[in-house]
Amino acid sequence: MIYTIDRFEGDFAVLEHDGGFTDFLRDKLPPEAHEGDLLEWHDDGWHILREDTDSRRQALAERRRRLLEGNQS
């Protein structure tokens, strides 16, 4: 399963999956994990899906750019 780090709240990371949310101890995630990262669980722990995260961030940046250009007067 793939999860997205929605936000951090104290010692917990709020992870989103299929429209639902679950709390997970922040110190069990990779130390370099950030909000918006896509994660996948394997037998040895959480892994950041770097290529998928980067692609998603680029697509969101492009969408934001197009929205802002459309609002220019």
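# Notebook: a five-stranded sheet and its rings

**Entry 1, the β2-β3 hairpin.** I began with β2 and β3, which run antiparallel and are joined by six bridges. I kept in mind that this is a predicted model. Following the pair along, I found Phe12 standing opposite Leu25 in β3. Two residues lie between the strands of this hairpin, and there Asp18 takes a positive phi near 50°. That is a handy torsion to have noted before moving on.

**Entry 2, the whole sheet.** Next I wanted the strand order. I read it as β3-β2-β1-β4-β5, five strands in an open sheet with antiparallel pairing. Which strands sit at the edges? They are β3 and β5, each of which pairs on one side only. From one strand to the next, I noted a twist that averages 40°. A reminder to myself on the pairing: strands of a sheet pair through backbone hydrogen bonds, either parallel or antiparallel.

I then looked at the other end of that order. β4 and β5 pair over four bridges, in the antiparallel sense. Leu39 has Ile48 of β5 as its bridge partner. I also checked what lies over this part of the sheet: helix α1, residues 50-70, lies across β1, β4 and β5, and runs at about 160° to β4.

**Entry 3, the core.** How many residues make up the largest nonpolar core? I have 10 in all: Tyr3, Ile5, Phe8, Ala13, Leu15, Leu29, Ala33, Leu39, Trp46 and Ile48. The strands β1 (2-9), β2 (12-17) and β5 (45-48) each supply at least two of these residues. β1 gives the largest share, which is three residues.

I picked Leu29 from this core to see what surrounds it. Leaving out residues up to four places away in sequence, Leu29 touches Ile5, Phe8, Ala13, Phe24, Leu39 and Trp46. The bridge partners Leu39 and Ile48 from my last entry are both on the core list too.

**Entry 4, the rings.** I turned to the aromatic side chains and counted three aromatic pairs. In one of them, Tyr3 and Trp46 have ring centres 5.3 Å apart and planes at 85°, so I wrote this pair down as edge-to-face. Tyr3 belongs to strand β1 and Trp46 to strand β5, so to speak two distant parts of the chain, 43 residues apart, linked by the pair. Tyr3 and Trp46 are both buried.

I looked at Trp41 and Trp46 as well. Their ring centres are 5.3 Å apart and their planes are at 75°, so this pair is edge-to-face. Is Trp41 buried or partly exposed? At 46% relative accessibility, Trp41 counts as partly exposed. Trp46, with a relative accessible area of 10%, is buried. Taken together, ring pairs link Tyr3, Phe24, Trp41 and Trp46 into a cluster.

**Entry 5, Asp37.** An aspartate caught my eye here. Asp37 is in the loop between β3 (20-25) and β4 (38-42). I noted its relative accessibility as 4%, and because the cut-off for buried is under 20%, Asp37 counts as buried. What does its side chain meet? A polar atom of the Asp37 side chain lies 2.7 Å from the backbone nitrogen of His34. Beyond its neighbours within four places in sequence, Asp37 is in contact with Tyr3, Thr4, Ile5, Glu32, Ile48, Thr53 and Arg57. Among them, Tyr3, Ile5 and Ile48 also appear in the core of Entry 3.

**Entry 6, two residues of β1.** I finished with Ile2 and Glu9. Ile2 is found in strand β1 and is partly exposed, at 42% relative accessibility. Its C-alpha atom is separated by 5.6 Å from that of Leu39, 37 residues apart along the chain. Not counting residues up to four places away in sequence, Ile2 touches Glu16, His17, Leu38, Leu39, Glu40 and Leu49.

Glu9 also has its place in strand β1. With a relative accessible area of 41%, Glu9 is partly exposed. For a long span I took Glu9 and Arg63, 54 residues apart along the chain: their C-alpha atoms are separated by 28 Å.

Note on methods. Residues are numbered from 1 along each chain as its sequence is written. This is a predicted model: local features need pLDDT of at least 70, side-chain atom pairs count only at pLDDT 80 or more; totals for chains, interfaces and linings use all residues. Side-chain values use heavy atoms; hydrogens and water are left out. Buried means under 20% relative accessible area, exposed over 50%, partly exposed in between (1.4 Å probe, protein chains only). A polar contact is a pair of N or O atoms within 3.5 Å; within protein, one must be able to donate a hydrogen and the other to accept it, and residues adjacent in sequence count only if both atoms are side-chain atoms. Contact means heavy atoms within 4.5 Å. A nonpolar core is a set of buried Ala, Val, Leu, Ile, Met, Phe, Trp, Tyr and Cys residues joined through side-chain atoms within 4.5 Å. Two strands pair if DSSP finds at least two bridges between them. Axes are lines fitted to C-alpha atoms, for helices over the stretch in contact, and angles run from 0 to 180 degrees between N-to-C directions. Rings of Phe, Tyr and Trp (its six-membered ring) pair if their centres lie within 6.5 Å; planes under 30 degrees apart count as stacked, over 60 as edge-to-face and the rest as tilted.
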